[in-house]
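This briefing is for a reader who is new to the structure shown below. It goes through the structure topic by topic.

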Amino acid sequence: MSGIEAMRRGACPSLPEPMPTGDGLLARLQPVAPLTLEQMDGLARLASALGNGIVEVTARGKLQLRGLSPETAGRLEAGVAALGIDLPTGFPVEISALAGLDPGELADPRPLAEAVGQGAAGLVPRLAPKASVVVDAGGVLSLAALKADIAATAQADGWRIALAGREAGFSPSARAASVILTLLQNLAEEGPAARMGDLVGRDGIAALAARVGLLPMPPAPVRRHVDPVGLHPLTDGTVALGIGLAFGQVTADRLAALVTAARGAGVRMVEPAAGRALLLVGFAAERAESLKTEAARLGFLTNPADPLRRVAACAGQPACASARIETHALARDLAPLLGAGELHVSGCIKGCAHPAPARLTIVGLDEGVGLVVEGTPRTVPARILPRHPLPMAGLREAVAALIEKGD
Ligand code: SF4
């Protein structure tokens, strides 16, 4: 399938099938295991040599390399393989970046993820390219914010199963893999455009739950949401330091510098995490403060309360040919105004950085800069300001007024 066909089908830009964007081809990879420091260093080198030197971690915790050409994209797969980075061979199941090391986990999510991933390998050509299964072990890093066709969340002796965001029922641990595989089989039978939301809408959640033998849902345990940015104690007595990437992006040279600092602190491995973050895993707690300081110096976000943690912004001008505005400078300027809630700055109506609604969206349009409240870049804006020149004082005032109105 060509990149254009992939885009038309709404496919994900995988390593063998990168997606065309305004700044060249974009390749996405979801390694099956945490990366060693050497592997992350190697990826940074590949990003410089084959792409435009921008590495991204997405909201779902996937790695992306940008600015590839058709020729260099062909060499990326071999480069990744040469680094010994394993990619999923079956259906990719999403689990926490701290799986197996998180003291809050109620179960190890990896055996269930492995069973589903391998069991569903043959279904992949018949499933929607974005079909997703999330296995959340109930640890400190919740995956509840991730949209999923099927989500399994750990509870004592079993898994709570949600379909397209709606709770369906409870499965004892011994049956969970076969329940999820049957649901994926049902989905595959509807063809590669079908999503679980379509099945739920057509058949009803109760009928689907009964079809796979789900039990009534027990009361949900109370969970505290913990940002991946910060220090996390691990089961083996070491710690993980989570650091955020402003707008989910970092340049290859800064990533390489981070790897050097991590090596000095004794970090064992590095893991991309949901929420546009990297986790530096497996080192002594007393080395964390100096590593955090160095990460902040390199431009990473080390404070979970940093306003930029609540901002999504795409590449924008000049990186993306479709962009009508410079997104990053605007986002940095407006983020402190926002308080709670999310700000999305989008170079055009495609909304690559945040397809879901946000509290406030600033979008570049042909006719100006649109301000959308509780919507997406495609929602009719509440205000449109001129683009050339953009009246920054007026924009700040308009943003403040819209936020106040919404509070
Ligand atoms: S949303 Fe941003 S990155 Fe996506 S096409 Fe539009 S300008 Fe480009």
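The points below cover domains, cores, two helices, the ligand shell, and some backbone details. The model is predicted. The domain assignment of the protein chain gives domain 1 (3-88 + 228-304), domain 2 (98-211) and domain 3 (309-406).

**Domains**

- Domain 1 is made of two stretches, 3-88 and 228-304.
- The centres of domain 1 and domain 3, taken over C-alpha atoms, are 26 Å apart.
- To the contact, domain 1 gives 14 residues and domain 3 gives twelve residues.

**Nonpolar cores**

- The largest nonpolar core has 43 residues, and those that touch the most other members are Met40, Leu43, Leu76, Leu258, Leu278, Leu280 and Phe300.
- Apart from this core lies another, of 36 residues, which includes Ala152, Trp159, Met196 and Ile205.
- Once neighbours within four places in sequence are left aside, the contacts of Leu258 are Ile243, Leu278, Leu280, Ala295, Leu298 and Phe300.

**Helix H4**

- Helix H4 spans residues 109-119, and its buried residues are Pro109, Leu112, Ala113, Val116 and Gly117.
- These residues lie on the same side of H4 because they cover an arc of only 130° around the axis.
- An α-helix has 3.6 residues a turn, so residues three or four places apart point the same way.
- The cover over the buried residues of H4 includes strand E6 (93-94), strand E7 (133-136), E8, E9 and H5.

**Helix H6**

- Helix H6 spans residues 196-203, with Met196, Leu199 and Val200 as its buried residues.
- Their arc around the axis is only 100°, which puts them on the same side of H6.
- On the face of H6 turned away from the buried side are the exposed residues Gly201 and Arg202.
- Among the elements that cover the buried residues of H6 are strand E8 (150-155), strand E9 (158-163), strand E10 (166-172), helix H5 (173-189) and helix H7 (205-211).
- Met196, one of the buried residues of H6, is also among the members of the core of 36 residues.
- Gly204, just after H6, takes a positive phi of about 90°.

**Ligand shell**

- Around the ligand are Cys314, Cys320, Ser322, Ala323, Ser346, Gly347, Cys348, Lys350, Gly351 and Cys352.
- By type, the residues of this shell are five nonpolar, four polar and one charged.

**Backbone details**

- Most residues other than glycine have a negative phi, and most peptide bonds are trans.
- Phe247 has a phi near 60°, a positive value in a residue other than glycine.
- Phe247 sits in the loop between strand E12 (239-244) and strand E13 (249-251), and with a relative accessible area of 8% Phe247 is buried.
- Arg276, also not a glycine, has a positive phi near 50°.
- The loop that holds Arg276 runs between strand E14 (269-273) and strand E15 (277-283).
- Arg276 counts as buried because its relative accessible area is 14%, and buried means under 20%.
- The peptide bond that joins Gln317 and Pro318 is cis, with omega about 0°, and Pro318 lies in the loop between E16 and helix H10 (327-334).
- A second cis peptide bond runs from His388 to Pro389, with omega near -10°.
- Pro389 is in the loop between strand E20 (383-385) and helix H11 (392-406).

**Two further prolines**

- Pro233 lies in strand E11 (residues 230-233) and counts as exposed, at 57% relative accessibility.
- Leaving aside neighbours within four places in sequence, Pro233 touches Pro103, Thr238 and Val239.
- From Pro233 to Gly42 there are 191 residues in sequence and 28 Å in space, C-alpha to C-alpha.
- Pro304 is in the loop between helix H9 (288-297) and strand E16 (311-313).
- Pro304 is partly exposed, its relative accessible area being 39%.
- Not counting residues up to four places away in sequence, Pro304 is in contact with Asp227, Val229 and Arg309.
- Pro304 and Arg287 stand 17 residues apart in sequence and, C-alpha to C-alpha, 19 Å apart in space.

Notes: Residues numbered from 1 in each chain as written. Predicted model: local features only at pLDDT ≥ 70, side-chain atom pairs only at ≥ 80, totals over all residues. Heavy atoms only, no water. Buried < 20%, exposed > 50% of the residue type's maximum accessible area, 1.4 Å probe, protein only. Helix = DSSP H or I, 4+ residues; strand = E, 2+ residues; numbered from the N terminus. Arc of directions from axis to C-beta. Contact = heavy atoms within 4.5 Å. Core = buried A, V, L, I, M, F, W, Y, C linked by side-chain atoms within 4.5 Å. Near = heavy atom within 4 Å. Nonpolar A, V, L, I, M, F, W, Y, C, P; charged D, E, K, R; others polar. Domains from an automatic or database assignment.
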